[in-house]
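Let's take a walk through this one together, starting with a strand and ending with a few backbone oddities. Keep the 3D view open and turn it as we go.

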Amino acid sequence: MRIFETHAHLDFPDFDKDREQIITASQKEGVEYIVNIGVGKESCEKSVLLANKHEQIYAAVGFHPHNAAEYNEKLIRKLARNEKVVAIGEIGLDYYRMRNTKKTQLETFEKQIALAQELKLPIVIHDRDAHQDCLKILDKYNPTKLVFHCYTGDVLFAQEVLARGWNISFTGIITFKNSHLPDIVRMVPADRYFVETDSPYLSPVPKRGRRNSPLHLRYTIEKLAEIRGITPKMVAAQTFKNAADFFLEKQNS
Ligand SMILES: [Zn+2]
């Protein structure tokens, strides 16, 4: 299986003891590419360093809604010039934890959408309980290359996302009991979904509760295959192509 891991935070301290081993082991397991996702100043800088060090790692740079008050556009502009930076993210709105006011989150989100459009970079969205406000801002800019990372919305919202030509990314949450996500998994077209771990978070069953890593992505792929009624190999191949077209188009042209 060739696997494309679209969302990991391998720069986080959780990996300080064995980062290099995890990266090497992931590659042996078939994880051919990893997009490491920045969430703030330090993590964006570290993501780019990791990407420069490892051929199979790419980086996304952006300020997560939790860090919206520290937004630094100059830094993002500088980092985005690096050829291994393939997206702006993760950016968005989080009304569940609400670490910053709505006003601060909305302002920082909109600035980064405008920047991604200017730089012609794909966008990785974090949306927690803020669907309508996300759409309101996005519909002002009409970005074409966009993914809702760790999708947790309902069927109706998925229809809104898909109608705009955007993508949906699934984490280990689909392996959790009582998840409503199988309905979404069944409705997403074959060319519009990605897989991700969101490591170190959201470890899939049977590793739930432990630190997640790209090594566990295969459990999510197996569950997706079961729900869609295809083989894990087909899920890996579809999501690999989708993610490569989305993140690496510029690299390959
Ligand atoms: Zn994340």
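Start at strand 3, where Ile-57, Ala-59 and Val-61 point one way and Tyr-58 and Ala-60 point the other way, and all of them are buried. Keep in mind that this is a predicted model. The back-and-forth pattern fits a general rule: in a regular strand, side chains alternate between the two faces of the sheet. Since five of the five residues of strand 3 (residues 57-61) are buried, the strand is largely enclosed by the rest of the structure. As for its company, strand 3 pairs with strand 2 in the parallel sense, over four bridges. If you want one bridge to click on, take Ile-34, whose partner in strand 3 is Ile-57.

Now hop over to strand 7, which tells a similar tale. Both of its faces are covered: Asn-167 and Ser-169 sit on one side, Ile-168 and Phe-170 on the other, and all are buried. Strand 7 pairs with strand 6 (residues 146-148), again in the parallel sense, over two bridges. Here Val-147 has Asn-167 of strand 7 as its bridge partner.

Next up is helix 8. Its 12 residues should span 16 Å at 1.5 Å a residue, and the C-alpha atoms at its ends are 17 Å apart, which agrees. Which of its residues are buried? They are Leu-217, Tyr-219, Thr-220, Ile-221, Lys-223 and Leu-224. The cover over them includes strand 1 (3-8), strand 2 (31-37), strand 7 (167-170), helix 7 (181-187), strand 8 (193-195) and helix 9. Right after helix 8 ends, Gly-229 takes a positive phi of about 70°.

Helix 9 deserves its own look. In general, two packed helices are described by the angle between their axes and the distance between the axes. For helix 8 (residues 217-228) and helix 9 (residues 232-247), the axes come within 8 Å and cross at roughly 105°. That makes the two helices roughly perpendicular, because angles of 65 to 115 degrees are counted that way. On the helix 8 side, the contact is made by Ile-221, Glu-222, Leu-224, Ala-225 and Arg-228, while helix 9 brings Pro-232, Met-234, Val-235 and Ala-236. Sort these contact residues by character and you get seven nonpolar, no polar and two charged.

Last stop: the backbone oddities. As background, most residues other than glycine have a negative phi, and most peptide bonds are trans. The loop between strand 8 and helix 8 holds Pro-200, and a cis peptide bond joins Ser-199 to Pro-200, with omega about 10°. Pro-206 is found in the loop between strand 8 and helix 8 too, and a cis bond links Val-205 to Pro-206, with omega about 10°. Leu-202 has its place in that loop as well, and its phi is near 55°, a positive value in a residue other than glycine. Leu-202 is partly exposed, with 19 other C-beta atoms within 10 Å. Arg-210, placed in the loop between strand 8 and helix 8, counts as exposed, with 10 C-beta neighbours inside 10 Å. Along the chain Arg-210 and Pro-200 are 10 residues apart, and their C-alpha atoms are separated by 8.6 Å.

One more to find: Asn-142, in the loop between helix 5 (131-141) and strand 6. Asn-142 is not a glycine, yet it has a positive phi of about 45°. Is Asn-142 buried or exposed? With 10 other C-beta atoms within 10 Å, Asn-142 is exposed.

Technical notes. Residues numbered from 1 in each chain as written. Predicted model: local features only at pLDDT ≥ 70, side-chain atom pairs only at ≥ 80, totals over all residues. Axes fitted to C-alpha atoms, helices over the stretch in contact; angles between N-to-C directions. Parallel < 35°, antiparallel > 145°, perpendicular 65-115°, else oblique. Contact = placed C-beta atoms within 7 Å. Nonpolar A, V, L, I, M, F, W, Y, C, P; charged D, E, K, R; others polar. Expected span 1.5 Å × (residues − 1). Buried ≥ 20, exposed ≤ 12 C-beta atoms within 10 Å, placed from the backbone. Pairing = 2+ DSSP bridges.
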